[in-house]
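This report goes through one protein chain, from its overall layout to its cores, its cavity and a few single residues. Please keep the sequence and the coordinates at hand while reading.

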Amino acid sequence: MLILNVLNVVARPSILPNFSAQPSNHQFNYINYRLANTGRRKLKVSRLRSNFWDSIRSGFLKDNSTQVVESPSTLEEEEEPQPEEFVLVEKTEEDGVVEQIIFSSGGDVDIYDLQTLCDKVGWPRRPLSKLDAALKNSYMVATLHSIRKSPGSEGNDQKKLIGMARATSDHAFNATIWDVLVDPSYQGQGLGKTLVEKIIRALLQRDIGNITLFADSQVVEFYRNLGFEPDPEGIKGMFWYPKY
């Protein structure tokens, strides 16, 4: 288990996260993101408990009776993360073709485009129906698209999915980031870093402070540079696998 201190480091120049879809035993490091230097942030975030698992246990008393913190009628109506879309990068090539890289946290993801992207990074194929369900049941899905515009060919723009990351959440205390991937031909430009940081920002704005992910050993340093760290108390992530 890891634990890190937050922020501002650029992604490694030649490699971005590339997780396998089906983990093998002991393949992953369980990584936890905790807030640090909160005084420097202009975000409304409640104070985190010192122990990661306190937030999970906080709804229960020691005698296992439920602790009612607040009447449901007084709770503020929950708001989903507001979708964003903007041009992240724009460049003009020698032949006059303009390429824009668009970040978006709203809208649908074409599962066939996503499968093509997974193929490019070498992930095992997953059933399209499950891929679609995973996207629909995610708390947030962030994408990067490349849009190429040729001179004199208005309306014939070429659009391609080049990056994606998603997060699941209990909408209260905890969230987990999954499936961070970037087209190999676009790696080394900080795009994976942007995807992860935008998801973290959206989760913090919703007052979700316990953010975790699973990382292959070769990309642990990438996530360390983004503020993730192994759990300082040595708590280990555990896995259960079907025996068939």
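## Contacts and the overall layout

Contact here means that heavy atoms lie within 4.5 Å of each other. The model is a predicted one, and every value below was computed from it.

The protein chain has five helices and nine strands, and from the N terminus on its elements follow the order β-β-α-β-β-α-α-β-β-β-α-β-α-β. Of its 244 residues, 42% count as buried. When contacts between residues at least 6 apart in sequence are considered, 71% of them join residues at least 24 apart.

## The nonpolar cores

The largest nonpolar core holds 32 residues, among which Ile-177, Val-196, Ile-199, Tyr-223 and Phe-228 touch the most other members. At least two residues of this core are supplied by each of strand S4 (98-104), strand S5 (140-149), strand S6 (158-169), strand S7 (174-182), helix H4 (191-205), strand S8 (210-215) and helix H5 (220-224). The element that gives the most to this core is H4, with eight residues.

A second core, separate from the largest one, consists of 13 residues and includes Ile-111, Leu-114, Leu-117 and Cys-118.

## The cavity

How many cavities of 30 Å³ or more does the structure hold? There is one cavity of that volume or above, and the largest cavity has a volume of about 40 Å³. Its lining is made up of Gln-115, Cys-118, Asp-119, Pro-124, Arg-125, Arg-126 and Leu-131.

Helix H2 (residues 111-120) provides the largest share of this lining, with three residues. By residue class, the lining of the largest cavity divides into three nonpolar residues, one polar residue and three charged residues. Cys-118 thus appears in the lining of the largest cavity and also in the second nonpolar core.

## Leu-144 and Gln-100 in the strands

Leu-144 is found in strand S5, and with a relative accessible area of 0% it is buried, because the limit for that label is under 20%. Leaving aside neighbours within four places in sequence, Leu-144 is in contact with Leu-88, with Ile-101, Ile-102 and Phe-103, with Lys-160, Leu-161, Ile-162 and Gly-163, and with Leu-191 and Leu-195. One of these partners, Leu-161, is 17 residues from Leu-144 in sequence, while the C-alpha atoms of the two are 6.1 Å apart in space.

Gln-100 has its place in strand S4 and is likewise buried, with a relative accessible area of 13%. Its side chain is joined to the side chain of Glu-90 by a polar contact of 2.6 Å. Beyond neighbours within four places in sequence, the contacts of Gln-100 take in Val-87, Val-89 and Glu-90, together with His-145, Ser-146, Ile-147 and Lys-149.

## Ser-138 in a loop

Is Ser-138, which lies in the loop between helix H3 (128-136) and S5, buried or exposed? Ser-138 counts as buried, because its relative accessibility is 13%. A polar atom of the Ser-138 side chain lies 2.6 Å from the backbone oxygen of Ala-134.

Apart from neighbours within four places in sequence, Ser-138 is in contact with Arg-166, Ala-167 and Thr-168. Ser-138 and Ala-167 are 29 residues apart in sequence, whereas the distance from C-alpha to C-alpha is 5.8 Å.

## Two residues with positive phi

Most residues other than glycine have a negative phi. Against that background, two residues of this model deserve a careful look when backbone torsions are examined.

His-171 is not a glycine, yet it has a positive phi of about 65°; the residue is placed in the loop between S6 and S7. Its relative accessible area is 32%, and His-171 is therefore partly exposed.

Asp-179 is not a glycine either, and has a positive phi of about 50°. This residue lies within strand S7, and it counts as buried because its relative accessibility is 10%.

Terms used. Residues numbered from 1 in each chain as written. Predicted model: local features only at pLDDT ≥ 70, side-chain atom pairs only at ≥ 80, totals over all residues. Heavy atoms only, no water. Core = buried A, V, L, I, M, F, W, Y, C linked by side-chain atoms within 4.5 Å. Buried < 20%, exposed > 50% of the residue type's maximum accessible area, 1.4 Å probe, protein only. Helix = DSSP H or I, 4+ residues; strand = E, 2+ residues; numbered from the N terminus. 1 Å grid on protein atoms, 1.4 Å probe; cavity = no way out; pocket = protein on both sides within 12 Å on 5 of 7 lines; lining within 4 Å. Points joined across faces, edges and corners; volume = space filled by probe spheres on them. Nonpolar A, V, L, I, M, F, W, Y, C, P; charged D, E, K, R; others polar. Polar contact = N/O pair within 3.5 Å; in protein donor to acceptor, adjacent residues only side chain to side chain.
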